[in-house]
Amino acid sequence: MFSISKESALAAASTCLFVLLWSSGAIFSKWGLAHASPFAFLLMRFAIAFMALLLIIPLMKFQMPRGSTAVGYVLATGVVLLGAYQIFYLLALDLKVTPGVMATVMGVQPILTAVIMERRHSFSRSLGLLLGLVGLVLVVYQGIGLAGLSWAGMLYALLALASMTAGTLMQKRITHNPLGTLPLQYLAGLLLCAVFVPFQPFHFEHSAGFVVPVLWMGLVVSVLATLLLYRMIARGNLVNVTSLFYLVPAVTAVMDYLIFGNKLAALSVLGMAMIIIGLMFVFRKTR
């Protein structure tokens, strides 16, 4: 008789919860941008996440990095991985790039990261990279050439992809207590946003349409979902963490359709399928 252990059930539940929370990020960001300017929304989100992390430092027993070199590197990583990535991401959404398209573009990130880090490119990884890039080209062509999205919007989406990839490569060099870097990294993102605020539109509504999304992004996605991911990695989750990369674009696209009515075009669906297949080739030997 088939049975499942409590540990396996908790691992599966943690994985499902993480995918749902992470996939909801683009949806809540899009909702919030209907009631606030990008930099107002992002500044508030980073401030909320930073303050929440400061409050839970004693509970989680975070060990903050020490030494000017380590602190400087962590802050630089936060500028790229959180600051630049989130700025470009929200600017793309603000320019009418749909959450489903954004999630599909960002689905290429783990492929690029894995291939860049791999010194020897196996046939499997090379094929996965090729499929991912072809899928990305199809999505971008559908967005600009057929759907009429702005060049600026798709450029911001690609810059978000580049920032996330570069930031991830930087983060992978932080091997000692990576959780302890989160407060400093969110502080770096907050400061980067603050630099641009005087030169950008800054407004928000005093309504649930702003308050709910910014609290969700600041507390649930920025803190809870991130801590969940670190916990799964640390505990060696039975469900391979790389499998999460397969699920997020599709789950976000479904949420985008159900909530906003944005249906991915056939070419974008084909592009997403190629990216997911590319992920499978890149990570099929990952343990």
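## Gln185 and its surroundings

Discounting residues up to four places away in sequence, Gln185 touches Val74, Thr77, Gly78, Leu82, Gln171 and Ile174. The model is a predicted one. Gln185 sits in helix H8, which covers residues 182-196. Its relative accessible area is 1%. The limit for a buried residue is under 20%, so Gln185 is buried.

## Overall build

The protein chain has 11 helices and zero strands. Read from the N terminus, its elements run α-α-α-α-α-α-α-α-α-α-α. The radius of gyration is 19 Å, close to the 19 Å that the globule rule gives for 287 residues. The chain is therefore as compact as a globular protein of that length. Along the principal axes, the C-alpha atoms fill a box of roughly 45 × 45 × 45 Å.

How much of the protein chain is buried? Buried residues make up 50% of the 287 residues. The accessible surface comes to about 14,300 Å². Carbon and sulfur atoms hold 71% of that surface. Among contacts with a separation of 6 or more, 87% join residues 24 or more positions apart.

## Nonpolar cores

The largest nonpolar core has 65 residues. Which of them touch the most other members? They are Phe41, Tyr89, Met102, Met106 and Tyr186. Helix H2, residues 38-60, gives the most to this core, with 11 residues. Another core lies apart from it and holds eight residues, including Phe18, Leu21, Ala225 and Met232.

Tyr89 also has contacts beyond its sequence neighbours. Setting aside residues within four places in sequence, Tyr89 is in contact with Ala26, Met102, Met106 and Ala160.

## Helices H6 and H11

Helix H11 runs over residues 266-283. At 1.5 Å a residue, its 18 residues should span 26 Å. The end C-alpha atoms are 26 Å apart, which agrees. Which residues of H11 are buried? The buried set is Ser268, Gly271, Met272, Met274, Ile275, Ile276, Gly278, Leu279, Val282 and Phe283. The buried residues of H11 pack against four helices: H4 (99-106), H5 (109-117), H6 (123-146) and H10 (244-260).

H6, one of those partners, passes the same kind of length check. Its 24 residues should span 34 Å at 1.5 Å a residue. The end C-alpha atoms of H6 are 33 Å apart, which agrees. After H6 comes Gly148, with a positive phi near 80 degrees.

## Leu224 in helix H9

Leu224 lies in helix H9, residues 208-234. Is Leu224 buried or partly exposed? With a relative accessible area of 42%, Leu224 is partly exposed. Not counting residues up to four places away in sequence, Leu224 touches Leu21 and Leu219. Leu21 is also one of the eight residues of the second core.

Leu224 and Leu75 are 149 residues apart along the chain. Their C-alpha atoms are separated by 21 Å.

## Cysteines

How many disulfides does the whole structure contain? A search finds zero. A disulfide is a covalent bond between the sulfur atoms of two cysteines.

Cys193 has 0% relative accessibility and counts as buried. Cys16 is partly exposed, with a relative accessible area of 49%. The partly exposed class ends at 50%, since exposed means over 50%.

Technical notes
Residues numbered from 1 in each chain as written. Predicted model: local features only at pLDDT ≥ 70, side-chain atom pairs only at ≥ 80, totals over all residues. Heavy atoms only, no water. Core = buried A, V, L, I, M, F, W, Y, C linked by side-chain atoms within 4.5 Å. Buried < 20%, exposed > 50% of the residue type's maximum accessible area, 1.4 Å probe, protein only. Helix = DSSP H or I, 4+ residues; strand = E, 2+ residues; numbered from the N terminus. Contact = heavy atoms within 4.5 Å. Expected span 1.5 Å × (residues − 1). Disulfide = S-S within 2.5 Å. Rg over C-alpha atoms; globule rule 2.2 N^0.38 Å. Areas by Shrake-Rupley, 256 points an atom, 1.4 Å probe, with all protein chains shown as cover.
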